[in-house]
Amino acid sequence: MMRIRVLALVSLTAVLAACGQDPEVSQNLLPPLPPAPATSAAPPAPSAGTSVELSTSPTLVRIQQRRKLLVGARIDTPPAFLSRDPAGGGYQGFDVEIARDLAQRIGLRPDDVQFRRLPPTQLQSAVLSGDVDLLLGGTADVPSLTAVGPYAITDSERNLVIKADDRLLAEELQRMLDAAVADGSWQRAYETTLGAAGIEARPGS
């Protein structure tokens, strides 16, 4: 009989222990951690090789998109500066070399230059209408045009003429002309054209 009572007491204690916990112990238990929030994917990094685009010049953007630099020149430009090559039909001369150098600095090929020879009465309107991106050796004698350079000084100054409202283009072209002088491109163009023709000239910067 005593053995039965002891077993009953042990069983009762086990049941009570299974059904509940000491209140002090339960108060010390930490609440369960909330589920971790879903992490969103990291934003894609900018692609490598994106062009700095030289500037936000609208003219430069158009040149890069069409992959062609449109250059105007007076129809009566002296042959040492610009003339047709009788053998191949292409253009040659100091202004041609300068235009091709600018094209390369913009990110085009030297051959990606299209020359348009214009009478004096159409020079300004060609620039203002966008028929040419720049004019070689022209004058900016109206407020809507501005001169960059000079890119060569002979008996007069030869400038690049562009629209006056494209200040960023003016800054970029001046930087390119300065770089051509600094890296020797200007001198090489001079020696094979003006220098060979006996015409003295010096860079404007």
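**Sheet and helices in a predicted model**

Reader: In what sense do S6 and strand S7 pair?

Author: This is a predicted model. Here S7 covers residues 157-163. Six bridges join it to S6, and the sense of the pairing is antiparallel.

Reader: Which residue in S7 is the bridge partner of Ala 152?

Author: S6 spans 145-153. Look across from Ala 152 into S7: the bridge partner there is Arg 158.

Reader: In what order do the five strands of the open sheet lie?

Author: The sheet is open, and its pairing is mixed. S6 and S7 belong to it. The full order is S4-S1-S5-S7-S6.

Reader: Which strands stand at the edges?

Author: An edge strand here has a single partner strand, so one side is left without a neighbour in the sheet. Two strands fit: S4 (113-118) and S6.

Reader: By how much are neighbouring strands of this sheet turned against each other on average?

Author: Direction is ignored for this angle. The average turn between neighbours is 25°.

Reader: Which helix packs on the sheet, touching S5, S6 and S7?

Author: The helix covers residues 167-182. Its direction makes about 5° with that of S6. The helix is H6.

Reader: Is H4 roughly parallel or roughly perpendicular to H6?

Author: H4 and H6 pack with axes 10 Å apart, at an angle of about 110°. Angles of 65 to 115 degrees count as roughly perpendicular. So H4 and H6 are roughly perpendicular.

Reader: How many nonpolar residues does the contact of H4 with H6 have?

Author: H4 brings residues including Ile 98 and Leu 102, and H6 brings residues including Leu 173 and Met 176. No polar residues take part, and two are charged. The nonpolar count is eight.

Reader: How do H4 and H7 run, roughly parallel or roughly antiparallel?

Author: H4 covers residues 94-106 and H7 covers residues 185-192. Their axes come within 9 Å and cross at roughly 155°. Angles over 145 degrees count as roughly antiparallel. The two helices are therefore roughly antiparallel.

Reader: How many charged residues does the contact of H4 with H7 have?

Author: H4 residues that meet H7 include Glu 97, Asp 101 and Arg 105. H7 residues in the contact include Trp 186 and Tyr 190. By class, there are five nonpolar residues and one polar; the charged count is three.

Reader: Which element has the highest mean pLDDT?

Author: The protein averages 81, and 73% of the residues score at least 70. Helix H2 (residues 23-27) has the lowest mean of the elements, at 40. The highest mean is 98, and it belongs to H7.

Terms used:
Residues numbered from 1 in each chain as written. Predicted model: local features only at pLDDT ≥ 70, side-chain atom pairs only at ≥ 80, totals over all residues. Heavy atoms only, no water. Axes fitted to C-alpha atoms, helices over the stretch in contact; angles between N-to-C directions. Helix = DSSP H or I, 4+ residues; strand = E, 2+ residues; numbered from the N terminus. Parallel < 35°, antiparallel > 145°, perpendicular 65-115°, else oblique. Contact = heavy atoms within 4.5 Å. Nonpolar A, V, L, I, M, F, W, Y, C, P; charged D, E, K, R; others polar. pLDDT = per-residue confidence, 0-100. Pairing = 2+ DSSP bridges.
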